[in-house]
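Let's get to know a new structure together through a few short exercises. Have a look at it first, then work through each task at your own pace.

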Amino acid sequence: MKYKKGHLYIEKVSADRIARQFGTPSYVYSYNKIKNNIINFKKNFKSINPLICFSVKSNSNLKILSLVNKFGLGADVVSKGELLKALKAKIKPEKIVFSGVGKTIDELKFAVSKKILLINAESENEIIEIEKIAKKNKKKINIGIRFNPDTDAKTLNKISTGKKGNKFGLTTKNFLELIKKYKNSRFVNIICLSVHIGSQITSNAPYNNMIRAVNKIIQLSKYNFKFIDLGGGMGIQYEKSSNKLNYLKYNKIINSFLKRNNSKIIFEPGRSIVGDAGYLISKITYIKKTNSKNFVIIDAAMNDLIRPALYGAKHRIIPSKLSRKKISKKHEFVGPICETTDKFLTVNRYQKINQKDIIIICDVGAYGMVLSSNYNLRPKPAEILVNKNSAKIITKRQNLNKII
Ligand code: LLP
């Protein structure tokens, strides 16, 4: 994404053209950004040769999943729906892992019937259900067990998952008990230890602590795990000035871990693959000027992108056309929904903008469209994939008649 002669381009297509051609609000993804993110991820972790399972929950668009498959990634799924879609995108079952605390029996049966690589179990109840399915099918099922390392991910509280009080995984005591109890099971084959401490992690320290805890529990369990699934969570730079996770450092930590443990590493990245490759293009409906600030009322809302309302997340908002004129007044970018939290960003100064101008909300490729809803009976936006100078619709805008 860059400005050429004052106009914003996503690859070789201008944001204004996309708005004209496909309407607003629309999600736009850059094919080459996703491709480069994957290449970069692989390059940084080359020496540990991991199995990279794209976290489908971050973006489950079929075209994006096909693309991710094309560049060699597997999938991390958390529901039957995600598993079906990953398979539809032709991701091989032997590259699919199934996570989540509440998989239903129907979901477990389906996963077993599709012969996926492994199911990451999160409770004894779940293992018991998997054993029943195995007994019925007369086969041994490969599972992982998720460990809760009680590690602070140092990210937003609402997206932390690896602390003792979180619902995810098993504490040291429970984990060790389950290994002991099920290591010789005739029905389940424990092949993996999995962890995931949170999302949008931007420093190496939490991963360091996580690996230390994993190392310790492996020693205590005296068990040889074929796979260690380290989850995802790698953060991106929502603001240019923010911290950036150092992949190479993380790679180094894992490398020294592997010197003591002979396992294959699995990663489940979502945001780091697609987050900064997505843009939400929106049009300014009105500008309401008050004494203290200008409300910039846009045609995208919290139903299209809920991260700011839900987590207080900040996404940069940039204009499609640059202007030299700057206005030193507070600008509050808001949506049309009847909720005070339908607010995207407040800035102290902004360039001159007008009604009908196009603005772009940045870094929305992950947890954007997947979290959209029909709140206020608004149709979900279209999704567009840009590759060099081509821009193609990959999901049509929802038809209003259909939703009413
Ligand atoms: N693996 C597991 C078990 C997970 O729970 C998650 C994300 C991932 C992998 C992928 O994490 P990533 O690499 O994308 O950080 N809606 C929130 C994020 C929720 C993350 C949930 N779990 C947001 O918009 O920030």
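**Exercise 1. Find the loop that holds Pro25, then describe the peptide bond that leads into this residue.**

Step 1. Pro25 sits in the loop between helix 1 (15-22) and strand 4 (26-30). Helices (H or I, at least four residues) and strands (E, at least two) are DSSP runs, numbered from the N terminus.

Step 2. Going from Thr24 to Pro25, the peptide bond is cis, with omega near -10°.

Step 3. Now look at Lys115, in the loop between helix 5 (105-113) and strand 8 (118-121). Lys115 is not a glycine, yet its phi is positive, about 55°.

Step 4. Why point these out? Most residues other than glycine have a negative phi, and most peptide bonds are trans.

A word on the source: this is a predicted model, where local features need pLDDT of at least 70 and side-chain atom pairs count only at pLDDT 80 or more, while totals for chains, interfaces and linings use all residues. Residues are numbered from 1 along each chain as its sequence is written, and side-chain values use heavy atoms, with hydrogens and water left out.

**Exercise 2. Trace the open sheet of 3 strands and name its edge strands.**

Step 1. The strand order is 1-2-3, and the pairing is antiparallel. Two strands pair if DSSP finds at least two bridges between them.

Step 2. Strand 1 (2-4) and strand 3 (13-14) are the edges, each pairing on one side only.

Step 3. Between strand 1 and strand 2 (residues 7-10) there are 3 bridges. In one of these pairings, Lys2 has Tyr9 in strand 2 as its bridge partner.

**Exercise 3. Work out how the barrel closes around strand 12.**

Step 1. The barrel consists of 8 strands in the order 5-6-7-8-9-10-11-12, with parallel pairing. On average, neighbouring strands of this sheet are turned by 30° against each other, direction ignored (axes are lines fitted to C-alpha atoms, and angles run from 0 to 180 degrees between N-to-C directions).

Step 2. Strand 11 (residues 227-229) runs parallel to strand 12 (residues 264-267), and 3 bridges join them. Here Phe227 stands opposite Lys264, and Ile228 has Ile265 as its bridge partner.

Step 3. Strand 5 (residues 51-55) is also parallel to strand 12, joined by 2 bridges. Ile52 faces Phe267 in this pairing.

**Exercise 4. Describe the surroundings of the ligand.**

Step 1. The ligand is surrounded by 18 residues (each with a heavy atom within 4 Å of it), the closest being Ser199, Glu268, Arg307, Tyr311 and Tyr367.

Step 2. Check the polar contacts (pairs of N or O atoms within 3.5 Å). Ligand oxygen atoms lie 2.4 Å from a polar side-chain atom of Ser199, 2.6 Å from an N or O atom in the side chain of Arg307 and 2.9 Å from a polar backbone atom of Arg271.

Step 3. On its own, the ligand has 580 Å² of accessible area (Shrake-Rupley method, 1.4 Å probe), and the protein covers 91% of this.

Step 4. Finally, domain 1 (2-29 + 275-403) and domain 2 (31-271) each give at least three residues to the shell around the ligand. These domain bounds come from an automatic or database domain assignment.

Definitions and conventions: A polar contact is a pair of N or O atoms within 3.5 Å; within protein, one must be able to donate a hydrogen and the other to accept it, and residues adjacent in sequence count only if both atoms are side-chain atoms.
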